[in-house]
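Here's a quick briefing on one stretch of strands and one enclosed space. Have the model open while you read.

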Amino acid sequence: MLLVKFFAESDSTSISNYAEYVTNICKTLYDSGLVTEYDYDGKWGDELEDSIEEVEENIWVWNIKFCDKTTCGKFSLFFEFGTYSCSTQFTVKIYSDDYIPSPTDKYLEQLKLTIKKEIKSDWEKIVWLVDEDAATLSVSLYPIIYSVENLARQLINEVMTKEYGITWWDRFVPISIKEKHQNRFVVYKQSVPNFNNIDERLLTIDIADLQKIFTYCSKKWKPAPDADIDRYLSELTALTNERIIEKIKSNSEIELDLWLEHFSKYLPVDFLERFEDFSKDRNHVAHNKLLDRNIHGKILANAKHLEKDLVTALEKVDKIVVSKEQKEIIAKETYRLEQEALAHEHRIMEQEANISVRDQTEIIEFINEFLYEKYSIILDNIRFRDDIELSEFTEIEDAQYSGTLFDITYKISQETVSVEYHIDCLDDEPGSESVCRVGINDKFIDISYSNGEAEFNDDVGCYVPITQDEILEDIDLAEWVTDYIGIHFENLREKVDSDMYSIIKDGGISPILEFGCWECGEPYICIDDEYAPFGTCLNCGAHNDIVKCDRCEQYFEGEDNGEFNLCENCEYDIERQ
């Protein structure tokens, strides 16, 4: 996979030995600690010159490996010289099939920037073409940018509608923003027909326009004596329209400042400055400009700060509602937004730290999935035991802290035991442990679930894991239950097969009949009470009606009539006589 591609260009270059130039770059990378091994003829070693291969004329490839505590991957670095339109170009490409860029991993950024720093003085300009590492940083910022923009829109709608009603747009929005909305709203509604009947005005304007609304000032003209105006009216001088407009503005005063009158009640004093920075950063990210981890961390920190400010502002807005009904409506909406913000932050934390922080319901679901997997393994382990039957699996319910998961029935004796569970502890706090005990007949094993936990790392600008979410068992449940079945519910089919050799050798009578069971068809019908009740199939546990012929002493299927039992052959012989 191509991760990075850029080229350097110059009308003239003093590079006389391309191979030496490439080798010096590779040496710099190695001396910087960014390479741990090289690939030479399929073997990893440390012979630098031999590992840089010229695959075509003026094209070199260097296969390297880098491993430390956090990063491990193999990379192919391509260096290519070419002349196009009388100018020399030097192209650098970085490939890897096993390295995935992430905001928390700095390796690829260090690798590409070290190469750029090494060559920048030798060329007139450097052009960046592909950078999956920088793209990863941008993608990680999209959710928080989306959240801040929409919280700002909501705050404006909440405050302005509450204070001035539905006409606030006409009274307090500059004409330039209204014209922008007019140019966009038709296309917007055509693109999203399901929202044709909603107020889309704030959705169609830019993030910078929101700041203009935050700081909008309503002004009125205050006429004052002006000599230039007097001379103009007396036709003694000329004034341009721009000059007249300038004089009108200079004789105006602020009638209403939305920031001072309203928004400053809910937002901190430095909000506008940070929101302006956010607007610039937002456009930088939205237009796919290159990012490094330094600016990524600053953008993320500022956005999270703004998100917190806006959520707090929406909470404050609740306190100035004018009616009980409106308060209830806004309270519900605020709660929804808070939950969305918390859920959004929760998702960001889980994605960045690669963990799951589950609530109690989700923990129960996760344990249920784990237990059902074990149940499926047990079913597979006993698939050849027709004398054992497992009931359907019953999931643990949220409010049910003990119960039966499934029953095990030994069909030979019709004995049934239950696999039960007890929830000893259920804690959904990050990093906490929940314990579910599973067992049979008061013998239990512990299955513990550790909830995920993460913290925000200011150095890398994202969440990092503290505790991974996982389930641990002190003994493998599937093996434990399978062993229990094998010990307490003897496999009589295997036992009689094992005993048969000794019985035949000693001239004994076979404890099983030669014809098959009516249920499973296997020839394991027991006639020896030392194994199982007379007529019981040792393979599947089904009861067969078996009678011994009083004439020939052979066994046959049928019911005992309590007097003189004859098989079909003997009945036939007697009839013939």
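In this predicted model, strands 14 and 15 make a hairpin, with two residues between them. N441 sits in that turn and has a positive phi of about 50 degrees. Below is how strand 14 pairs up on each side, then a look at the cavity.

**Strand 14 and its partners**
- Strand 14 covers residues 433-440, and it's mostly covered: six of its eight residues are buried.
- On the hairpin side, eight bridges tie strand 14 to strand 15 (residues 443-450), and the two run antiparallel.
- One spot to check there is E433, which stands opposite S450 in strand 15.
- Strand 13 (residues 415-425) also runs antiparallel to strand 14, joined to it by five bridges.
- For C425, the bridge partner in strand 14 is V435.

**The cavity**
- How many cavities of 30 Å³ or more does the structure hold? There's just one, and the volume of the largest cavity is about 30 Å³.
- Its lining is made up of L371, Y375, I378, L405, F406, V419, V438, L477 and V481.
- Sorted by class, that's nine nonpolar residues, with no polar and no charged ones.

**Who supplies the lining**
- Helix 14 (360-381), strand 12 (402-410) and helix 15 (477-488) each put at least two residues into the lining of the largest cavity.
- Helix 14 gives the largest share, three residues.
- Back to the hairpin: V438 is among the lining residues, and its number falls within strand 14, residues 433-440.

Conventions
Residues numbered from 1 in each chain as written. Predicted model: local features only at pLDDT ≥ 70, side-chain atom pairs only at ≥ 80, totals over all residues. Heavy atoms only, no water. 1 Å grid on protein atoms, 1.4 Å probe; cavity = no way out; pocket = protein on both sides within 12 Å on 5 of 7 lines; lining within 4 Å. Points joined across faces, edges and corners; volume = space filled by probe spheres on them. Helix = DSSP H or I, 4+ residues; strand = E, 2+ residues; numbered from the N terminus. Nonpolar A, V, L, I, M, F, W, Y, C, P; charged D, E, K, R; others polar. Buried < 20%, exposed > 50% of the residue type's maximum accessible area, 1.4 Å probe, protein only. Pairing = 2+ DSSP bridges.
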